[in-house]
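Open your viewer, switch to a cartoon view and keep the selection box handy. We will go from stop to stop together, picking something to select each time and looking at what is there.

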Amino acid sequence: EHPSEFRDQLFMSWDALGVLGRIYVAHEGINAQLSLPAPRFDAFKKHLDAIAFLKDVRLNIAIEQDNKSFLKLKIKVRDKIVADGLNDDTFDVTNKGVHLNAAEFNSLISAEDTIVVDMRNHYESEVGYFEGAIRPDVETFREALPLVEDMLEDQKDKPIIMYCTGGIRCEKASAYYLHRGFQKVHMIDGGIIEYARQCDQKGLPKKFIGKNFVFDERMGERITNDVISRCHQCGAPCDTHVNCANDACHILFIQCPACAEKYDACCSK
C-alpha cells in the first residue's frame with residue numbers, strides 16, 4: 001500500500017542480513033534478484049514470512065553461483081515491477097494462465113498443436129531456449145507483447161506455453177493474452193530457473209538447451225552443455241556475454257576469449 005515506506009523498511013532489514021541485489025517495489029508487488037550469505041538464508045526466509053503478502057512467496061534458487069552476482073543492495077520504487085506498457089485498469093491482471101511444473105511442461109510440449117513462446121529479449125534467447133520455441137526478435141518485454149499477439153492471431157484456440165527467466169513477465173503476459181481472447185494459456189511456474197532445478201532434482205529430460213541469461217554479474221547459468229550461439233566478432237562457437245570495456249560504450253555482446261584478447265575486451269578496434 002505504501003511502496004516508499006515499505007522500501008525503506010526492506011532496505012534496513014536486508015542490509016543487516018548482508019543481502020545484495022536489484023529489487024523493484026511497486027503497488028502491484030515486488031521483483032527481487034538478490035544474493036545473501038548462505039548461513040543467513042533461514043533468517044531471510046523468516047523475515048519474508050513475517051510480511052503478510054510475502055509469506056511463502058516463491059523463491060527461485062539459482063542453479064549456479066560464483067559469490068559475485070551483485071555488488072551492492074539497490075531497492076527502488078517503481079510504477080511497475082516489470083515495464084510492460086500495459087494499462088492494468090483495462091483487464092483483470094489476476095486472471096492468469098495455468099502454471100506448469102517441469103513434468104507437466106515436458107508432457108504438454110510433446111503435443112502436436114502446442115505452441116511455445118519465449119517472452120524474453122533476443123539477447124537472452126540467443127544463448128539458450130526451449131526446442132521449437134518462437135523467439136521474437138525484440139529488445140524489450142514491452143515490444144514482445146503486441147508482436148507475439150500478432151504472430152499468433154489466428155491460433156488463439158491452440159495451447160500456448162510462455163516462458164521467461166523466473167516467471168514474472170509471464171504472470172502479466174498470460175493475463176493480457178487471456179484478455180485478448182487466447183483460450184489455452186500456460187506458463188512455466190518459476191520460469192527457466194525453476195524448470196532446470198526441477199529437472200535436476202527429479203531426473204527429468206531437459207527440453208531447454210544452452211544457457212539461461214540472468215541479469216547479474218554472472219550473465220548466465222548453464223542449463224546444458226550445448227553452445228548454440230557464436231562470437232559476434234569472429235563467429236567462433238561461444239555463449240559468453242560481456243559488456244564492452246570501453247566506458248563510452250558498454251554494449252552487451254558475445255565475445256570469445258581470443259577476441260577479448262585481440263580487442264582488449266572491447267566490441268571493436
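Helices here are DSSP runs of H or I with at least four residues, and they are numbered from the N terminus. With that in mind, select leucine 147, which sits in helix H5. Keep in mind as you look around that this is a predicted model.

**Stop 1: leucine 147 and its helix**

Is leucine 147 buried or exposed? Neither word fits: buried means under 20% relative accessible area and exposed means over 50%, and leucine 147 has 33%, so it counts as partly exposed. Show the residues around leucine 147 and, leaving aside neighbours within four places in sequence, you will find Pro136 and Val138 in contact with it. For a sense of scale, draw a C-alpha to C-alpha distance from leucine 147 to aspartate 157: the two are 10 residues apart in sequence and 18 Å apart in space.

Now widen the selection to the whole of H5, residues 141-151, and colour its buried residues, which are Phe141, Ala144, Leu145, Val148 and Glu149. Turn the model until you look down the axis of H5: the buried residues fall within an arc of 120 degrees, so they line one face of the helix. Among the elements that cover these buried residues are S5 and H6.

**Stop 2: the parallel sheet**

Select strands S4, S8, S7 and S5, in that order, to see an open sheet of 4 strands with parallel pairing. Which strands stand at the edges? They are S4 (98-100) and S5 (115-118); each has a single partner strand, so one side of each is left without a neighbour in the sheet. Going from one strand to the next, the twist averages 30 degrees.

Zoom in on S7 (residues 159-163) and S8 (residues 184-188), which pair in the parallel sense over 4 bridges. To pick out a bridge, select isoleucine 160, whose partner in S8 is valine 185.

Next, add helix H6, residues 168-179, which packs on the sheet and touches S4, S7 and S8. The direction of H6 makes about 180 degrees with that of S8. Then bring in helix H3, residues 102-109: this helix lies across S4, S5, S7 and S8, and runs at about 100 degrees to S4.

**Stop 3: an aromatic cluster**

Show side chains for Phe105, Phe130, Tyr163, Tyr195 and Phe208, which form one aromatic cluster. The model has 13 aromatic pairs in total. Start with phenylalanine 105 and phenylalanine 130: their ring centres are 4.6 Å apart and their planes stand at 55 degrees, so the pair is tilted. This pair links distant parts of the chain, with phenylalanine 105 in H3 and phenylalanine 130 in strand S6 (residues 128-130), 25 residues apart. Phenylalanine 105 is buried at 0% relative accessibility, and phenylalanine 130 also has 0%.

Move on to phenylalanine 130 and tyrosine 163. Their ring centres are 4.6 Å apart and their planes are at 80 degrees, so this pair is edge-to-face. Phenylalanine 130 lies in S6 and tyrosine 163 in S7, so the pair ties together parts that are 33 residues apart in sequence. Both phenylalanine 130 and tyrosine 163 are buried.

**Stop 4: out along strand S9**

Stay with phenylalanine 130, since it leads to the next strand: phenylalanine 208 in S9 stands opposite it. S6 and S9 pair in the antiparallel sense over 3 bridges. Select S9, residues 208-212, and you will see a strand with 5 of its 5 residues buried. S9 also pairs with strand S10 (residues 221-222), again in the antiparallel sense, over 2 bridges. One bridge to select there joins asparagine 212 to glutamate 221 in S10.

**Stop 5: a buried glutamate**

Select glutamate 124 in helix H4, residues 122-125. Glutamate 124 has a relative accessible area of 0% and is buried. Its side chain makes a polar contact of 2.9 Å with that of arginine 169. Not counting residues up to four places away in sequence, glutamate 124 touches Thr165, Arg169, Phe213 and Phe215.

**Last stop: cysteine 256**

Finish at cysteine 256, in the loop between strand S12 (252-254) and helix H8 (257-262). At 7% relative accessibility, cysteine 256 counts as buried. Which residues does cysteine 256 touch, not counting those up to four places away in sequence? They are Cys231, Cys234 and Cys238. To look back at the aromatic stop, draw a C-alpha to C-alpha distance from cysteine 256 to phenylalanine 105: they are 33 Å apart in space and 151 residues apart in sequence.

Note on methods. Residues numbered from 1 in each chain as written. Predicted model: local features only at pLDDT ≥ 70, side-chain atom pairs only at ≥ 80, totals over all residues. Heavy atoms only, no water. Pairing = 2+ DSSP bridges. Axes fitted to C-alpha atoms, helices over the stretch in contact; angles between N-to-C directions. Contact = heavy atoms within 4.5 Å. Buried < 20%, exposed > 50% of the residue type's maximum accessible area, 1.4 Å probe, protein only. Polar contact = N/O pair within 3.5 Å; in protein donor to acceptor, adjacent residues only side chain to side chain. Arc of directions from axis to C-beta. Phe/Tyr/Trp six-rings, centres within 6.5 Å; stacked < 30°, edge-to-face > 60°.
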